[in-house]
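Work through the following exercises with the sequence and the model open beside you, and try each task before you read its solution.

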Amino acid sequence: MEDVQGELEVFAGILLQQYIRMFVAAVCIRAEDSTKVAKFKIAPEVYAKLREEPLQTSLLGLNLDYDASVQILTVTPDAEFLEEFTNNIMRDVALQYADTYKNRYAKFISFMDNA
């Protein structure tokens with residue numbers, strides 16, 4: 001994984017989708033038997049741009065529920081999504097991604113720690 005320096009300055013829907021995907025995976029891995037859901041803070045205009053992105057493949061297997069009044073995106077994975085991250089390599093990639101990119105997209109979206 002690349003060495004990340006600072007926040008991303010230019011909106012990139014595909015990168016934000018990947019951020020959501022990998023953080024959901026990391027939350028589920030760390031939660032073990034707990035509730036498998038991840039929450040993100042995201043402004044309505046950013047969420048709209050994210051959903052307008054023509055390619056939505058990074059969000060496959062994820063149920064997105066957005067509450068614009070509080071700017072919270074709640075993401076719940078399906079069983080097929082969870083199965084993808086039972087592989088040790090994918091598991092490690094998700095965990096490393098979450099650690100490396102935690103603040104990379106803070107200008108557009110931020111993970112809300114469920115703890």
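## Exercises on a predicted model

In E3, which residue is the bridge partner of Lys-39? The structure used throughout is a predicted model, and within it the partner of Lys-39 in E3 is Thr-74.

**Exercise 1. Decide which side chains of strand E1 are buried, and find the strands that pair with E1.**

Step 1. Begin with the general rule that in a regular strand the side chains alternate between the two faces of the sheet.

Step 2. Apply the rule to E1, which covers residues 38-42: Ala-38, Phe-40 and Ile-42 point to one face and are buried, whereas Lys-39 and Lys-41 point to the other face and are not buried.

Step 3. Turn to the neighbours of the strand. E1 pairs with E3 (residues 72-77) in the antiparallel sense over 4 bridges, and E1 also pairs with E4 (residues 109-112) in the antiparallel sense over 4 bridges. On the E4 side, Phe-40 has Phe-111 as its bridge partner.

**Exercise 2. Show where the buried residues of helix H2 lie, and what they pack against.**

Step 1. List the buried residues of H2 (residues 44-52), which are Val-46, Tyr-47 and Leu-50.

Step 2. Look down the axis of H2: the buried residues fall within an arc of 100 degrees, so they line one face of the helix. The general background is that an α-helix has 3.6 residues a turn, so residues three or four places apart point the same way.

Step 3. Check the other side of H2, where Glu-45 and Glu-52 are exposed.

Step 4. Follow the buried residues of H2 to their surroundings, and you will find that they pack against helix H1 (13-31), E1, strand E2 (62-67) and E3.

**Exercise 3. Describe the largest nonpolar core and the place of Phe-40 in it.**

Step 1. The largest nonpolar core has 34 residues, and those with the most contacts inside it are Ile-20, Val-24, Phe-40 and Leu-73.

Step 2. Ask which elements supply it: H1, E1, H2, E2, E3 and helix H4 (88-100) each give at least two residues, and H1 gives the most, with 11 residues.

Step 3. Now examine Phe-40 by itself, leaving out residues up to four places away in sequence: among the residues that Phe-40 touches are Ile-20, Val-24, Leu-73 and Phe-111.

**Exercise 4. Find the salt bridges, and classify their residues as buried, partly exposed or exposed.**

Step 1. The count comes to 3 salt bridges.

Step 2. Take Glu-84 and Arg-21, whose side chains meet in a salt bridge at 2.6 Å, N to O. This pair links distant parts of the chain, since Glu-84 belongs to helix H3 (residues 79-84) and Arg-21 to helix H1, 63 residues apart. Buried means under 20% relative accessible area, so Arg-21, at 11%, is buried, while Glu-84, at 32%, counts as partly exposed.

Step 3. Continue with Arg-30 and Asp-99, which form a salt bridge with their closest N and O atoms 3.1 Å apart. This pair also links distant parts of the chain, with Arg-30 in helix H1 and Asp-99 in helix H4, 69 residues apart. Exposed means over 50%, so Asp-99, with a relative accessible area of 57%, is exposed.

Step 4. Finish with Asp-92 and Arg-91, where the closest N and O atoms of the salt bridge are 3.5 Å apart. Asp-92, at 43% relative accessibility, counts as partly exposed, and Arg-91, at 33%, counts as partly exposed too.

Technical notes. Residues numbered from 1 in each chain as written. Predicted model: local features only at pLDDT ≥ 70, side-chain atom pairs only at ≥ 80, totals over all residues. Heavy atoms only, no water. Buried < 20%, exposed > 50% of the residue type's maximum accessible area, 1.4 Å probe, protein only. Pairing = 2+ DSSP bridges. Arc of directions from axis to C-beta. Contact = heavy atoms within 4.5 Å. Core = buried A, V, L, I, M, F, W, Y, C linked by side-chain atoms within 4.5 Å. Salt bridge = Lys/Arg side-chain N within 4 Å of Asp/Glu carboxyl O.
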